[in-house]
Amino acid sequence: MDRRLYPLAAGNFAVGTGMFVIAGLLTPIAADLDVSVAAAGQLMTVFALAYAVLSPILAAVTAALPRRTLLLLGLGVFVLGNALTAVVPGYPLVVATRVLAAAGAAMFTPTASGVASALAGPGQRGRALALVMGGLSVATAVGVPLGTWLGGAAGWRATIWLVTGLAVLGFAGIAALVPDVRVTVPGGLRERFAPLADRGVLAVLATQLLMFASAFSAYTYLGSLFDLPPAAVLWAWGVGAVVGNQLGGRLTDAYGPRRMVLAGLTTSTILMALIPVANLALPVALVWAFLWGALGWLVAPAQQYRVVAALPGNVAIGLGLLSSAQYAGLVLAGVAGGLVLDGYGRAGVIVLATALGLATVLFTLVTYRPVAGGSPDGGPRAAVSRRRGSSPASPRG
């Protein structure tokens with residue numbers, strides 16, 4: 001692969017580590033800031049909410065900036081936000097710095113995808129996007145468990161300094177290797193939100209929101225759901241996520257996105273219901289976490305496929321909306337999971353995650369129907385049928 005893509009992947013690795021590592025640091029953060037574990041979990045919620053809200057706004061505001069400049073600006077803001085998180089005292093100031101870090105991530109990650117697509121040759125765009133976006137999934141397998149271990153050994157602020165250092169390395173790599181490229185950037189906010197008038201697009205986004213609300217209501221508070229070392233469990237989940245993300249694209253091409261979405265959602269829901277069984281012994285928990293991560297991440301390429309099929313002429317906007325829906329789900333997960341944890345303990349969180357997973361499966365079954373005359377799973381032939389004139393109001397994802 002083009003060596004210019006690796007700094008982009010490194011930047012996403014830093015962003016993913018900074019976002020997800022909070023789940024492994026809730027206990028030391030709560031103790032240091034004198035708040036509850038549920039309140040510490042809201043730091044992930046604040047990051048996700050800021051990302052979801054600011055991503056389309058900042059994309060419109062910075063549309064005229066050169067892409068290389070925007071990459072450096074985004075990582076620079078992310079570095080500043082994390083450096084401030086590592087030094088400021090008190091919970092309110094830490095919350096404010098997470099908003100700043102999220103603003104940097106919201107500028108960087110979507111831009112990195114666009115630049116990767118432009119740098120890659122026509123036959124390598126899929127691999128280029130997988131490499132650059134793979135930085136996020138690799139973060140769950142390497143950055144999160146490493147940061148969780150470091151937080152337990154040297155304090156949670158040491159982990160935030162690690163995230164800051166990773167982002168600085170990504171910044172230096174982009175400054176040295178990544179050229180400015182021409183990327184077609186959509187216009188204002190009206191154009192960016194226009195696809196929301198399509199019921200089919202809304203169905204995909206709703207599935208994304210519910211899916212992440214379900215999974216991350218458990219993931220965010222995983223340390224409170226297990227009596228086992230959280231770093232080990234998070235590591236196994238991250239390894240599964242990398243494997244699932246890589247297999248998901250191939251299986252989607254082979255079997256169609258509808259089968260992959262429903263299979264991933266159903267098995268993930270069953271696995272969340274089995275958390276008490278996974279908590280019996282560490283080997284059981286590691287196998288469980290690997291399967292949960294792998295089966296959950298199988299859905300990601302299929303969901304992206306659905307958006308591309310529904311909006312073949314507005315792929316960048318569609319993927320941006322999908323990302324916003326994902327982070328909106330993280331917001332719901334953090335708020336609902338925190339309230340339930342405070343009120344009903346770990347059993348309540350498990351019930352919440354499982355119930356949301358079941359709701360996601362049922363919603364998807366109702367809204368994502370096979371396309372008449374096309375692939376029975378809404379696969380490639382279904383995408384072609386949409387491009388050839390399916391109604392934009394069709395509820396078929």
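Helices here are DSSP runs of at least four residues, numbered from the N terminus. By that rule, Gln303 of this predicted model sits in helix H15, which covers residues 299-310. With a relative accessibility of 0%, Gln303 counts as buried, because buried means under 20% relative accessible area. So what does Gln303 touch, once its neighbours within four places in sequence are left aside? The list is Val204, Thr207, Gln208, Met211, Val261 and Leu322. Leu205 is another residue to look at: it is 98 residues away from Gln303 in sequence, yet the two C-alpha atoms are 8.8 Å apart in space. Gln303 also has a polar contact, made between its side chain and the side chain of Arg306 at 2.8 Å.

Thr17 is the next stop, and its home is helix H1, residues 6-20. Is Thr17 buried or exposed? Thr17 turns out to be buried, with a relative accessible area of 0%. A polar atom of the Thr17 side chain lies 2.8 Å from the backbone oxygen of Phe13. Beyond the neighbours within four places in sequence, Thr17 is in contact with Ala139, Gly143, Val144, Val163 and Leu166.

Now for a pair of helices. H11 spans residues 230-255, and its partner H14 runs over residues 282-297. Their axes come within 6 Å and cross at roughly 35°, and the crossing is right-handed. On the H11 side, the residues that meet H14 include Ala232, Val233, Ala236, Trp237 and Gly240. On the H14 side, among them are Leu282, Ala285, Trp288, Phe290 and Trp297. What kinds of residues make up this contact, sorted into nonpolar, polar and charged? The split is 16 nonpolar, four polar and no charged.

Charged residues take the stage elsewhere. Side chains of opposite charge can pair when their charged atoms come close. How many salt bridges does the count come to? The count is two. One of the pairs is Asp32 with Arg157, where the closest N and O atoms are 3.3 Å apart. Asp32 belongs to helix H2 (residues 26-33) and Arg157 to helix H7 (residues 156-177), so this salt bridge ties together parts that are 125 residues apart in sequence. As for surroundings, Asp32 is partly exposed, with a relative accessible area of 43%.

Another salt bridge joins Arg346 to Asp227, with the closest N and O atoms 2.8 Å apart. Here too, distant parts of the chain are linked: Arg346 is in helix H16 (residues 315-367), while Asp227 is in the loop between helix H10 (222-225) and helix H11 (230-255), 119 residues apart. Arg346 is partly exposed, at a relative accessible area of 32%. Asp227, by contrast, is exposed at 59%, because exposed means over 50% relative accessible area.

Last comes a backbone oddity. Which residue has a positive phi although it is not a glycine? That residue is Asp34, whose phi is about 60°. Asp34 lies in the loop between H2 and helix H3 (37-61). Its relative accessibility is 70%, so Asp34 counts as exposed.

Note on methods
Residues are numbered from 1 along each chain as its sequence is written. This is a predicted model: local features need pLDDT of at least 70, side-chain atom pairs count only at pLDDT 80 or more; totals for chains, interfaces and linings use all residues. Side-chain values use heavy atoms; hydrogens and water are left out. A salt bridge is a side-chain nitrogen of Lys or Arg within 4 Å of a carboxyl oxygen of Asp or Glu. Helices (H or I, at least four residues) and strands (E, at least two) are DSSP runs, numbered from the N terminus. Buried means under 20% relative accessible area, exposed over 50%, partly exposed in between (1.4 Å probe, protein chains only). Axes are lines fitted to C-alpha atoms, for helices over the stretch in contact, and angles run from 0 to 180 degrees between N-to-C directions. A crossing is left-handed if the near helix is turned anticlockwise from the far one by less than a right angle, and right-handed if clockwise. Contact means heavy atoms within 4.5 Å. Ala, Val, Leu, Ile, Met, Phe, Trp, Tyr, Cys and Pro count as nonpolar, Asp, Glu, Lys and Arg as charged, and the others, Gly among them, as polar. A polar contact is a pair of N or O atoms within 3.5 Å; within protein, one must be able to donate a hydrogen and the other to accept it, and residues adjacent in sequence count only if both atoms are side-chain atoms.
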